[in-house]
Amino acid sequence: MRIKGLFVAFAAIVAMSSSAMPAPQKTASMAIGNVTSQPIGHYEFCERHTDECGPTRNAGPVDLNADTWALVNQVNLRVNKTITPATDMEVYGQEEYWEYPKTAGDCEDFALLKRRVLMQKGISAANLLMTVVRKPDGEGHAVLTLRTKQGDYILDNLEDEVKVWNKTPYSYLKRQASFNAGRWVTIENGSDILVGSVK
């Protein structure tokens, strides 16, 4: 009964955070460049999870309707609240290790779990793209990009609110290619984003 009460309270929080659909914006999509190097942590992840890192069927960006918006916000918030932030050294005993977290993990682990859950809910892998950014302090960071007809949105373990990419405080470097989950492409307009303060 306690679990049911917790679920109802969580559902209420999600409903409050995801009620307003964002309005489409002109610069809401990233400009993608050439194929570039794959992060070593993702390369090793792909070696362990080969079925998740091949060509993807690209049917175009997902339509961000009310149901999809609610789902994305729910998954982002649920993962942020249930996984404990921890470094790869603390969890895996090494510096850089990308993996699905069980109870704790760092930024790319949060993003991988959100990606997997949303894929299980029916969103195409072509629209759920691991993305590498630079925080205002210069530190590297990983987030998940949701590619939609209304623009690119960011699921971030440092922020419970899902935001359009150019409303975040990051400089964008590269992300998974929509045509192949094992390939990465540059983000051409990522460094033009004005950097604000980070939470």
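A residue counts as buried when its relative accessible area is under 20%, as exposed when that figure is over 50%, and as partly exposed in between. Keep that scale in mind as we walk through this structure, which is a predicted model.

Let's start with the whole protein. There are five helices and nine strands in it. If you read along the sequence, they come in the pattern α-β-α-α-β-α-β-α-β-β-β-β-β-β. The protein has 199 residues, and 49% of them count as buried. Now take the contacts between residues at least 6 apart in sequence: 64% of these join residues at least 24 apart.

Our main stop is helix α5, which covers residues 107-120. It has 14 residues, and from its first C-alpha to its last it reaches 20 Å, close to the 20 Å expected at 1.5 Å a residue. How many of the residues of α5 are buried? Eleven of the 14 are, so the helix is mostly covered. The buried set begins with C107, E108, D109, F110, A111, L112 and L113, and carries on with K114, R115, V117 and L118. After the helix comes G122, with a positive phi near 110 degrees.

Let's look at three residues of α5 one at a time, beginning with F110. Its relative accessibility is 1%, so F110 counts as buried. What does F110 touch, once we set aside its neighbours within four places in sequence? The contacts are V79, N80, I83, T84, P85, P101, G105 and N157. You can also look from F110 back to E99, eleven residues away along the chain: their C-alpha atoms are 9.0 Å apart.

Further along α5 sits R115. Is R115 buried or exposed? With 3% relative accessibility, R115 is buried, because that value is under the 20% cut-off. Again leaving out neighbours within four places in sequence, R115 is in contact with E52, A125, L128, M130, L144, Q176 and A181. Between R115 and N127, twelve residues apart along the chain, the C-alpha distance is 9.4 Å.

Then there is R116, which also has its place in α5. Why does R116 count as partly exposed? Its relative accessibility is 31%, which falls between the 20% and 50% limits, so R116 is neither buried nor exposed on our scale. R116 and E52 are 64 residues apart along the chain, yet 9.6 Å separates their C-alpha atoms.

Next, bring in a second helix, α3, made of residues 66-82. The axes of α3 and α5 come within 10 Å and cross at roughly 140 degrees. Angles over 145 degrees would count as roughly antiparallel and 65 to 115 as roughly perpendicular, so at roughly 140 degrees these two helices are oblique to each other. The crossing of α3 past α5 is right-handed. Which residues make the contact? On the α3 side they are L71, V72, V75, N76, R78, V79 and N80, and on the α5 side they are F110, L113, K114, V117 and L118. By type, the residues of this contact divide into eight nonpolar, two polar and two charged. Some names here should look familiar: V79 and N80 of α3 were in the list of contacts for F110.

Finally, stay in α3 for T68. Its relative accessible area is 13%, so T68 is buried. Not counting residues up to four places away in sequence, T68 touches D63 and I123. T68 and I123 are 55 residues apart along the chain, and 8.8 Å separates their C-alpha atoms.

Methods
Residues are numbered from 1 along each chain as its sequence is written. This is a predicted model: local features need pLDDT of at least 70, side-chain atom pairs count only at pLDDT 80 or more; totals for chains, interfaces and linings use all residues. Side-chain values use heavy atoms; hydrogens and water are left out. Helices (H or I, at least four residues) and strands (E, at least two) are DSSP runs, numbered from the N terminus. Buried means under 20% relative accessible area, exposed over 50%, partly exposed in between (1.4 Å probe, protein chains only). Contact means heavy atoms within 4.5 Å. The expected span of a helix is 1.5 Å times one less than its number of residues. Axes are lines fitted to C-alpha atoms, for helices over the stretch in contact, and angles run from 0 to 180 degrees between N-to-C directions. Angles under 35 degrees count as roughly parallel, over 145 as roughly antiparallel, 65 to 115 as roughly perpendicular and the rest as oblique. A crossing is left-handed if the near helix is turned anticlockwise from the far one by less than a right angle, and right-handed if clockwise. Ala, Val, Leu, Ile, Met, Phe, Trp, Tyr, Cys and Pro count as nonpolar, Asp, Glu, Lys and Arg as charged, and the others, Gly among them, as polar.
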